[in-house]
Amino acid sequence: MGRLKDKVVLITGASSGFGRASAVRFAREGAKIVVADLTEQALSGGFEENLEEPTAQVIAANGGEATFVTCDVTKADAVERAVQTAVDTYGRLDVMFNNAGIYRGGKLMDEFTETDLQACFDVNVKGTFFGTQSAVRQFRRQGRASNGMAGTIVNLVSTAGLQGHPKQSVYNISKGAQANLTRCAAIEYGHEGIRVNGICPTYAKTALTRELFDNMEFMQTFAESVPLKRWGEVDDIAELALYLASDESSYVHGALIRIDGGETLSRYSV
């Protein structure tokens, strides 16, 4: 315990899925959490055992500190307000986890609408862009800590940002942009003591993939296609996010870390 002791962490999309699991995990390690999302309530269809309890409430019930702020990551001013909430409530910001995301799939490229494409870019790209901007500005205002670091940014990307997949082109395009955003930010801000890294999961069990997971043929076919023979769990991603948010990863910078059961090695397994 204590790997994030007294650190202030803002997590977008933290009411559900990866963000919720990470918020709870970070709080157990001593972090003060700002849960930023459109609503406090978790998305229906999630795999959480206590969907009726908001993330901040779960954290408080386990002795942690957390506060909720309404945040639409597609709006720059809303993200700025979320960062200001962290500062007003806990005095600073140490870690920005740009986790909020949206998925569109199930169609060939020519079948997607402009609305589908725009939705992916608004949330996945603009949301991460605004989150990075706001965090960098706050880190600069605070200055460097005694360890020489000013702050840490973690972006939830995807294996979709590293390669192509069938029938989800608008999602992959947005995730590719998000991957390069992560690289560019790492190049530009490393010299200011700001670390930036990305997490690249494959399919994992969240509300956003519930329909795919409940499709027995797809669920089994995907599990069989990866070397570890299973879907990802939200806790898998939370543990990696914890490492990247902590000082244990102090020399990890500009990385896009695959957490995919071996999917990107080959989609065909023995």
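**Exercise 1. Place arginine 25 in the fold and decide whether it is buried or exposed.**

Arginine 25 sits in helix H1, which covers residues 17–28. The model is a predicted one. The relative accessible area of arginine 25 is 11%. Buried means under 20%, so arginine 25 is buried. Next come its contacts, leaving aside neighbours within four places in sequence: arginine 25 is in contact with Arg3, Ala238, Glu239 and Leu242.

**Exercise 2. Do the same for leucine 181, and state which residues it touches.**

Leucine 181 belongs to helix H5, residues 169–189. With a relative accessible area of 13%, against a limit of 20%, leucine 181 counts as buried. Not counting residues up to four places away in sequence, leucine 181 touches Val125, Thr128, Phe129, Thr132 and Asn155. For a distance along the chain, take glycine 198: it is 17 residues apart from leucine 181, and the C-alpha atoms of the two are separated by 9.7 Å.

**Exercise 3. Classify the ring pair of phenylalanine 129 and phenylalanine 130, then that of phenylalanine 222 and tryptophan 231.**

Two quantities are needed, because a pair of aromatic rings is described by the distance of the centres and the angle of the planes. The structure holds 10 aromatic pairs. One of them joins phenylalanine 129 and phenylalanine 130, at 6.1 Å centre to centre and 65° between the planes. Centres must lie within 6.5 Å, and an angle over 60 degrees counts as edge-to-face; the pair of phenylalanine 129 and phenylalanine 130 is therefore edge-to-face. For phenylalanine 222 and tryptophan 231, the centres are 5.5 Å apart and the planes stand at 75°, so this pair is edge-to-face.

Now add the burial of each ring residue. Phenylalanine 129 has a relative accessible area of 41% and is partly exposed, whereas phenylalanine 130, at 14%, is buried. Phenylalanine 222 is buried at 1%, and tryptophan 231 is buried at 4%. Finally, Phe222 and Trp231 belong to one aromatic cluster with Phe47, Tyr203, Phe213 and Phe218.

**Exercise 4. Where do aspartate 6 and lysine 167 lie, and what is the sign of phi in each?**

Aspartate 6 is in the segment before strand S1 (8–12). Its phi is near 70°, a positive value in a residue other than glycine. Lysine 167 lies in the loop between strand S5 (151–156) and H5. Lysine 167 is not a glycine either, and its phi is positive at about 60°. As for accessibility, aspartate 6 has 47% and is partly exposed; lysine 167 has 49% and is also partly exposed.

**Exercise 5. Judge how compact the protein is from its radius of gyration.**

The secondary structure comes to 8 helices and 7 strands. The radius of gyration is 18 Å, and the globule rule gives 18 Å for 270 residues, so the protein is as compact as a globular protein of that length. The C-alpha trace spans about 50 × 40 × 35 Å along its principal axes. Of the 270 residues, 52% count as buried. Among contacts with a separation of 6 or more, 73% come from residues 24 or more positions apart.

**Exercise 6. Describe the surface and the charges of the protein.**

The accessible surface comes to about 12,300 Å², and 52% of that area belongs to carbon and sulfur atoms. The protein has 27 positive and 33 negative charges. The mean positions of the two sets are 5 Å apart.

Notes. Residues are numbered from 1 along each chain as its sequence is written. This is a predicted model: local features need pLDDT of at least 70, side-chain atom pairs count only at pLDDT 80 or more; totals for chains, interfaces and linings use all residues. Side-chain values use heavy atoms; hydrogens and water are left out. Helices (H or I, at least four residues) and strands (E, at least two) are DSSP runs, numbered from the N terminus. The radius of gyration is taken over C-alpha atoms; the globule rule is 2.2 Å times the number of residues to the power 0.38. Buried means under 20% relative accessible area, exposed over 50%, partly exposed in between (1.4 Å probe, protein chains only). Contact means heavy atoms within 4.5 Å. Accessible areas come from the Shrake-Rupley method with a 1.4 Å probe; for residues, only the protein chains shown count as cover. Lys and Arg count as positive and Asp and Glu as negative; His and the chain ends are not counted. The place of a charge is taken as NZ of Lys, CZ of Arg, CG of Asp or CD of Glu. Rings of Phe, Tyr and Trp (its six-membered ring) pair if their centres lie within 6.5 Å; planes under 30 degrees apart count as stacked, over 60 as edge-to-face and the rest as tilted.
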